[in-house]
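Welcome to a short guided tour of a protein model. Take a moment to look over the sequence and the picture, and then we will walk through them together.

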Amino acid sequence: MSLPHAILTALLEKPGSGAELTRRFDRSFGFFWPATHQQIYRELAKLERDGLVSSAGRDGSRGRAKDYRVL
């Protein structure tokens with residue numbers, strides 16, 4: 001399994017922001033397969049560019065928080 005597959009699996013379980021995904025990843029896959037915050041965001045950008053996930057700005061959030069979901 002690759003990092004993009006792990007991200008897609010996590011987003012299928014529950015859509016969320018990159019930060020939320022990073023925390024969930026650390027609690028599940030992170031014990032045997034670490035991924036940095038930057039790696040996860042880089043893969044999210046690639047997955048979005050490839051049309052596999054979409055993002056939307058989070059209502060009422062400060063900054064650039066986006067929620068990601070699998071298409």
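Is Thr 22 buried or exposed? This is a predicted model, and in it Thr 22 is buried, with a relative accessible area of 9%. The cut-off for that word is under 20%. Thr 22 is found in helix 2. If we set aside its neighbours within four places in sequence, Thr 22 is in contact with His 37 and Ile 40.

Let us follow one of those partners. His 37 has its place in helix 3. With a relative accessibility of 36%, His 37 counts as partly exposed. Not counting residues up to four places away in sequence, His 37 touches Ala 19 and Thr 22. You can also find His 37 and Asp 26 in the picture: they are 11 residues apart in sequence, and their C-alpha atoms are 9.8 Å apart in space.

**The nonpolar core**

Next comes the inside of the model. The largest nonpolar core has 15 residues. Those with the most contacts inside this core are Ile 7, Leu 11, Leu 21, Phe 25, Ile 40, Leu 44 and Val 53. Helix 1 (3–13), helix 2 (18–27) and helix 3 (37–49) each supply at least two residues of the core. Which helix gives the largest share? That is helix 1, with six residues.

Ile 7 is a good residue to click on. Leaving aside its neighbours within four places in sequence, Ile 7 is in contact with Leu 21, Ile 40, Glu 43, Leu 44 and Leu 47. Ile 7 also belongs to the buried residues of helix 1, which are Leu 3, Ala 6, Ile 7, Leu 8, Ala 10 and Leu 11. What covers the buried residues of helix 1? The cover includes strand 1 (16–17), helix 2, helix 3, strand 2 and strand 3 (66–70).

**How the helices pack**

Helix 1 packs against helix 3 and against helix 2, and the table sets out the two pairs.

| Helix pair | Angle | Axis separation |
|---|---|---|
| Helix 1 and helix 3 | about 80 degrees | 10 Å apart |
| Helix 1 and helix 2 | roughly 105 degrees | within 11 Å |

Why do we call helix 1 and helix 3 roughly perpendicular to each other? Angles of 65 to 115 degrees count as roughly perpendicular, and helix 1 and helix 3 pack at about 80 degrees, so they earn that description. On the helix 1 side, this contact is made by Leu 3, Pro 4, Ile 7, Leu 8 and Leu 11. On the helix 3 side, the contact is made by Gln 39, Ile 40, Glu 43, Leu 44 and Leu 47. By class, the residues of this contact divide into eight nonpolar, one polar and one charged.

Now turn to the other pair. The axes of helix 1 and helix 2 cross at roughly 105 degrees, and that makes helix 1 roughly perpendicular to helix 2. Helix 1 brings Leu 3, Ala 6, Ile 7, Ala 10 and Leu 11 to this contact, while helix 2 brings Leu 21, Arg 24 and Phe 25. Here the classes are seven nonpolar, no polar and one charged.

**A salt bridge in helix 3**

How many salt bridges are there? The count comes to one. The side chains of Lys 46 and Glu 43 meet in this salt bridge, at 3.6 Å from N to O. Both residues lie in helix 3, three residues apart, about one turn of the helix. An α-helix has 3.6 residues a turn, so residues three or four places apart point the same way. The two partners are placed in unlike surroundings: Lys 46 is partly exposed, with a relative accessible area of 34%, whereas Glu 43 is buried, at 14%.

**Two serines in strand 2**

Our last stop is strand 2 (residues 53–57), where Ser 54 has its place. Ser 54 is buried, with a relative accessible area of 19%. Not counting residues up to four places away in sequence, Ser 54 touches Glu 48, Asp 67, Tyr 68, Arg 69 and Leu 71.

Ser 55 lies in strand 2 as well, but at 23% relative accessibility Ser 55 counts as partly exposed. Leaving aside its neighbours within four places in sequence, Ser 55 is in contact with Glu 48, Lys 66, Asp 67 and Tyr 68. The C-alpha atoms of Ser 55 and Arg 69 are separated by 6.5 Å, although the two residues are 14 apart along the chain.

How values were computed:
Residues are numbered from 1 along each chain as its sequence is written. This is a predicted model: local features need pLDDT of at least 70, side-chain atom pairs count only at pLDDT 80 or more; totals for chains, interfaces and linings use all residues. Side-chain values use heavy atoms; hydrogens and water are left out. A nonpolar core is a set of buried Ala, Val, Leu, Ile, Met, Phe, Trp, Tyr and Cys residues joined through side-chain atoms within 4.5 Å. Buried means under 20% relative accessible area, exposed over 50%, partly exposed in between (1.4 Å probe, protein chains only). Helices (H or I, at least four residues) and strands (E, at least two) are DSSP runs, numbered from the N terminus. Contact means heavy atoms within 4.5 Å. A salt bridge is a side-chain nitrogen of Lys or Arg within 4 Å of a carboxyl oxygen of Asp or Glu. Axes are lines fitted to C-alpha atoms, for helices over the stretch in contact, and angles run from 0 to 180 degrees between N-to-C directions. Angles under 35 degrees count as roughly parallel, over 145 as roughly antiparallel, 65 to 115 as roughly perpendicular and the rest as oblique. Ala, Val, Leu, Ile, Met, Phe, Trp, Tyr, Cys and Pro count as nonpolar, Asp, Glu, Lys and Arg as charged, and the others, Gly among them, as polar.
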